[in-house]
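The following exercises concern a ligand site and a small sheet. Please work through each task before reading its solution.

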Amino acid sequence: MAATIHIVGAGLAGLSAALKLSARGRQVVVHEATAFAGGRCRSYHDAAIGMVIDNGNHLLLSGNRAALDYLRDVGAEQRLIGPPHAEFSFIDLGSRERWTLRFNDGRLPLWVFNSRGRVPGTRALDYLPLARLLWPPAGKAVGEVIGCDGPVYRRLVEPLLLAALNIDPPRGSAKLAAAVVRETLAAGGRACRPLIAREGLSPTLIAPALATLSQRGVAVHFEHQVRAIAFAADRVEALDFGGETVALAADDAVILAVPPYAAASLIRGLVVPNEFRAIVNAHFRIAPPAGQPPILGVLNGAVEWLFAFPGRLSVTISAGDRLIDTPREELAKTIWNEVATITGLPAELPPWQIVRERRATFAATPAQDAKRPGAATQWRNLVLAGDWTATGLPATIEGAIRSGNRAAELTAR
Ligand SMILES: Cc1cc2nc3c(=O)[nH]c(=O)nc-3n(C[C@H](O)[C@H](O)[C@H](O)COP(=O)(O)OP(=O)(O)OC[C@H]3O[C@@H](n4cnc5c(N)ncnc54)[C@H](O)[C@@H]3O)c2cc1C
């Protein structure tokens with residue numbers, strides 16, 4: 001009988017591993033604890049707002065090559081939409097200035113020489129210190145490598161790194177920031193086009209993957225939580241689902257694609273990142289005004305990014321731990337006041353929902369980054385995957401998918 005690969009967790013890491021292995025004709029079974037796939041990247045019908053929303057707005061960039069390959073594999077590439085060139089609109093709520101950053105397509109950063117494409121109030125030379133962020137010394141925080149002040153920082157670096165690292169940037173790992181900068185800003189505008197799942201995360205990233213897996217004969221078992229793993233000296237022997245035990249044959253393997261705290265509870269002694277940062281999203285059921293950009297960066301407000309979807313405006317606030325205990329109604333009103341100011345919509349609060357993901361990502365500090373384990377383990381048939389494993393990237397869709405691809409490669413050997 002052909003060896004079976006058990007994938008535990010149907011988030012993007014688990015799904016990408018399942019896609020890679022099933023494409024090679026390997027026999028795969030996916031076990032997911034909850035009743036849905038997608039993990040931290042999913043859509044659901046929300047009764048309070050009366051529509052389908054995403055757990056959080058997710059932004060991809062055109063340089064996210066593994067994510068785009070994944071979408072091509074499941075036939076959903078066209079469901080991500082974005083402008084033909086790299087453009088980011090901003091508003092400063094302090095000064096009420098509005099501007100659009102326009103990166104040129106090629107690798108040479110000609111845009112810094114264009115006063116209508118770069119950050120207002122800056123000169124080309126102001127961008128030079130950013131070069132230090134490309135190959136920083138090991139173990140340093142961003143604040144130890146570049147000066148965290150001035151208009152280039154406040155209006156470009158801070159919003160970019162806050163969104164990508166989900167941490168106050170000066171405390172963030174310079175190594176992870178460097179990976180983001182190398183794969184985006186330094187790779188030229190062609191790698192920086194902002195892409196969003198206009199129809200929602202699940203219809204774009206999750207449902208097409210499940211359909212493809214089903215066509216390839218992969219079973220996905222929902223509400224099938226692994227409660228314990230039975231280890232022999234050098235291999236996993238069985239998966240315990242509580243009341244049901246699945247014994248592994250000699251060539252069977254396991255890809256554990258669960259969050260770090262779940263992995264640590266299943267593997268004694270596993271060192272994993274154990275500090276997290278929250279992301280707060282506010283969703284408002286209202287038609288965006290004509291001309292509202294799909295994504296708008298907001299400075300000097302509580303709002304950081306304003307996303308416009310059909311019939312809905314949504315706000316993202318990264319590293320949002322300070323807002324976890326704010327009463328929901330108060331938060332909705334504060335955020336809506338800013339959105340009304342930005343868009344010119346009436347001040348009256350439309351139907352809303354606040355989604356606070358407390359453990360949205362691991363805290364991207366140098367110390368937490370050092371705790372990320374590689375994919376291989378001491379057990380020859382157990383491989384780890386997830387955005388928190390040592391991908392070299394912050395906790396992102398791209399990182400999660402690359403980790404799943406890597407786990408599939410190791411397992412398929
Ligand atoms: C609000 C928010 C906004 C974000 N914004 C962005 C963004 O703009 N751009 C971006 O690139 N990334 C963003 N991210 C990060 C991105 O969502 C994650 O990096 C990615 O989804 C992680 O995927 P994963 O498969 O590693 O983990 P998860 O999605 O956590 O998947 C793990 C799965 O394992 C399951 N599981 C857990 N324990 C068990 C068990 N014992 N047995 C079986 N199954 C189990 C879980 O139920 C879950 O389905 C955001 C995240 C959040 C929360």
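For the classes used below, Ala, Val, Leu, Ile, Met, Phe, Trp, Tyr, Cys and Pro count as nonpolar, Asp, Glu, Lys and Arg as charged, and the others, Gly among them, as polar. The model is predicted.

**Exercise 1. Describe the shell around the ligand by its residues, classes and elements.**

Step 1. The ligand is surrounded by 34 residues. The closest are Glu32, Arg40, His58, Leu59 and Asp387.

Step 2. Sorted by class, the shell comprises 16 nonpolar, 14 polar and four charged residues.

Step 3. At least two shell residues come from each of helix 1 (12–23), strand 15 (276–285), strand 19 (352–362) and helix 10 (397–412).

**Exercise 2. Identify N or O atoms of Arg40, His58 and Leu59 that approach oxygen atoms of the ligand, and state how much of the ligand the protein buries.**

Step 1. Begin with the side chains. In Arg40, a side-chain N or O atom is 2.8 Å from a ligand oxygen; in His58, the corresponding distance is 2.7 Å.

Step 2. Leu59 contributes through its backbone, where an N or O atom lies 2.7 Å from an oxygen atom of the ligand.

Step 3. The ligand taken alone exposes 1,000 Å², of which the protein buries 92%.

**Exercise 3. Determine the order and pairing of the open sheet of three strands.**

Step 1. The strand order is 5-9-6, and the pairing is antiparallel.

Step 2. Strand 5 (59–61) and strand 6 (80–81) are the edge strands, each pairing on one side only.

Step 3. Two antiparallel bridges link strand 6 to strand 9 (residues 194–197). Ile81 has Ile196 of strand 9 as its bridge partner.

Terms used: Residues numbered from 1 in each chain as written. Predicted model: local features only at pLDDT ≥ 70, side-chain atom pairs only at ≥ 80, totals over all residues. Heavy atoms only, no water. Near = heavy atom within 4 Å. Polar contact = N/O pair within 3.5 Å; in protein donor to acceptor, adjacent residues only side chain to side chain. Areas by Shrake-Rupley, 256 points an atom, 1.4 Å probe, with all protein chains shown as cover. Helix = DSSP H or I, 4+ residues; strand = E, 2+ residues; numbered from the N terminus. Pairing = 2+ DSSP bridges.
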